[in-house]
Amino acid sequence: MEDYDEEIAFLGNWGRFQQTAFFLLCATAMPNGFTTVSMIFLGDSPAHHCLIPEGLNITEEWRKASIPTQEVNGETEYSRCRRYRLDLISNFSALGLSPSKDVNLSQVPLEGCSDGWTYSKEIYQSTIVTEFDLVCGNGWKQPFTTSVYFIGMLSGAFFSGQLSDRFGRRPILFITMAIQTVFSFIQAFSPSWEVFSVLFFIVGLGQMSNYISAFVLGTEILTGTPRKIYTSLGINGSYAIGYMILPLLAYFSRDWKTLLLAMSVPSFAYIPLSWLIPESPRWLLSQGRVEEAEAILRGAAKKNRVTAPEVIFTQTEVEQKQSKTEDFHGFLELLKTSGIRHITLILCLVWFTLIIGYIGLSLNTSTLHGSPYLNCFISGATEIPAYIASWLAVHYLRRRMSLSLSMLLGGGLLFFIQLVPPGLHSLAVSLEMIGKFFMASATAFVFVYTGELYPTGIRNTAVGLCSTASRVGSAIAPYFVHLGSYDKNLPYILLGSLTIIAGISVLFLPESFGLPLPDTMDQMPKRERIKWLCQSSEQENKQENGKADSVEILAESLL
């Protein structure tokens with residue numbers, strides 16, 4: 001990166017060209033905020049019970065008594081999956097018997113909901129749960145649908161890097177944005193759950209692919225401070241804004257088909273961006289397409305009102321760049337020695353845990369007390385200060401203690417939600433939102449920390465492995481939320497316990513703050529005694545003398 005940055009230094013860091021690229025690329029991340037957590041509203045399960053056919057000849061008293069009641073989380077509600085046998089209820093009604101006086105309902109046999117279900121329309125007109133009856137015996141399909149989406153994201157993360165390296169950042173960005181938009185639109189017309197799930201997999205694949213492509217394209221176009229802000233706050237902040245817009249769209253839609261159309265149709269407005277966002281000159285240069293790279297940079301110079309040199313890249317420089325190759329390091333390099341194996345296993349656990357916590361808490365907002373729309377908005381809004389806190393921590397705080405403390409605080413808050421008295425709903429919601437803040441902050445922070453620990457030759461492989469572990473976690477996360485249907489405190493106990501365990505394991509990682517990026521195995525940071533959060537004067541001097549600027553890891557890890 002450094003040689004290239006020096007060669008295009010004549011452009012400056014924040015001219016009209018960079019400003020346009022910065023804000024337009026950030027804008028491409030907004031639809032991802034819609035889609036990632038859209039199942040909060042698309043797949044929510046309203047209150048429901050067995051349908052009693054209108055044509056059944058029974059009295060109104062027996063119609064009301066035909067559904068047994070049960071106690072769930074301290075509240076009495078109708079059974080969701082069972083009813084009294086209607087043939088017996090019909091006979092009792094015909095004989096003029098009373099359910100409260102003449103018949104002991106506890107002795108009446110039960111049956112399933114063979115005629116379907118009645119769903120509450122207090123909050124939603126319809127969801128995919130009410131549309132395809134994903135309840136009772138088919139209840140497993142609800143969390144599985146969300147998992148299918150995240151498996152699609154896992155596939156997108158695997159293929160997008162290879163495709164963008166082969167065909168370019170810009171075409172893959174807009175092709176995958178088109179895939180996400182078009183298939184989200186088609187989803188609104190899904191005739192069955194199976195079709196909806198297949199389309200959701202493709203949407204997930206497109207979403208992750210365009211997010212990674214936009215991230216890489218921005219890090220290659222931007223330089224200096226704008227690059228740091230883009231990789232830490234810009235693209236993540238835009239995602240959070242999309243997250244906050246989702247409940248507004250859902251509030252005015254109330255119907256899963258309308259919501260899908262509301263999320264997908266505005267995304268067609270991104271089509272003109274394909275003419276405004278350029279290809280990465282750095283990628284073009286790596287492919288030997290020097291004239292195209294120079295043409296983009298000369299156009300950028302014109303926009304920035306600066307003069308480009310007559311020759312930006314000499315043929316010798318290009319040949320030297322293309323001749324530079326790295327030794328290939330496979331997955332087994334991460335398990336080669338006990339030290340690096342130790343680091344890899346702990347980081348995989350941390351990434352896995354954080355994404356389960358982040359996705360689980362995001363999806364759980366529909367089950368919280370109060371309006372699901374307001375809860376979802378607050379959940380998205382907590383991410384803005386979380387990303388700011390993470391950005392500040394990257395600059396000024398030690399890695400090991402910062403990450404561990406964030407996870408311990410977040411996990412501890414979730415674990416102790418079970419102790420909140422039943423009537424203090426606002427306190428429980430507040431604790432969950434603060435826990436989400438720490439989870440989101442730690443998730444952004446761990447990306448930097450991971451890149452700092454590994455040498456250059458295996459950094460991409462290490463980040464890729466940890467990312468894969470996190471995507472496996474995201475596919476499992478919906479089932480953690482689903483456990484809340486059996487006991488509302490169970491998801492918090494599991495998430496809190498797992499996060500605390502992972503947070504403690506972070507203490508066994510090496511410290512990397514203030515150290516240069518390692519290029520070899522021997523240069524990897526070594527584990528030492530825990531020190532204070534903030535840097536010492538000696539570390540400040542090291543950084544002043546040209547040691548690693550860790551924010552740049554976000555770019556370097558993907559490149």
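These legends walk through a few close-up views of aromatic rings in a predicted model.

**View 1. Phe144 and Trp193 bring two helices together as a ring pair.** Let's start with one of the 22 aromatic pairs that the structure holds. The rings of Phe144 and Trp193 are tilted, with 45° between their planes and 6.2 Å from centre to centre. Phe144 belongs to helix H8 (residues 141-167) and Trp193 to helix H10 (residues 193-221), so this pair, with its partners 49 residues apart, links distant parts of the chain. Buried or exposed: what is Trp193? Trp193 counts as buried, because its relative accessibility is 9% and the cut-off for buried is under 20%. Phe144 comes out at 32%, which means it counts as partly exposed.

**View 2. Tyr149 and Phe150 meet edge-to-face.** Here the ring centres are 5.2 Å apart, and the planes make an angle of 70°. Tyr149 has a relative accessibility of just 1%, so it counts as buried. Phe150 also has 1% and counts as buried.

**View 3. Ring pairs build a cluster.** Which residues join Tyr149 and Phe150 here? They are Phe132, Phe196, Phe200 and Trp256, all linked into the cluster through ring pairs.

**View 4. Arg166 lies over the face of Phe167.** The distance from Arg166 to the ring centre is 5.0 Å.

**View 5. Arg254 sits over a tyrosine ring.** This time the ring is that of Tyr251, and the charged end of Arg254 is 4.5 Å from its centre.

Terms used
Residues numbered from 1 in each chain as written. Predicted model: local features only at pLDDT ≥ 70, side-chain atom pairs only at ≥ 80, totals over all residues. Heavy atoms only, no water. Phe/Tyr/Trp six-rings, centres within 6.5 Å; stacked < 30°, edge-to-face > 60°. Helix = DSSP H or I, 4+ residues; strand = E, 2+ residues; numbered from the N terminus. Buried < 20%, exposed > 50% of the residue type's maximum accessible area, 1.4 Å probe, protein only. Lys NZ or Arg CZ within 6 Å of the ring centre and 35° of its normal.
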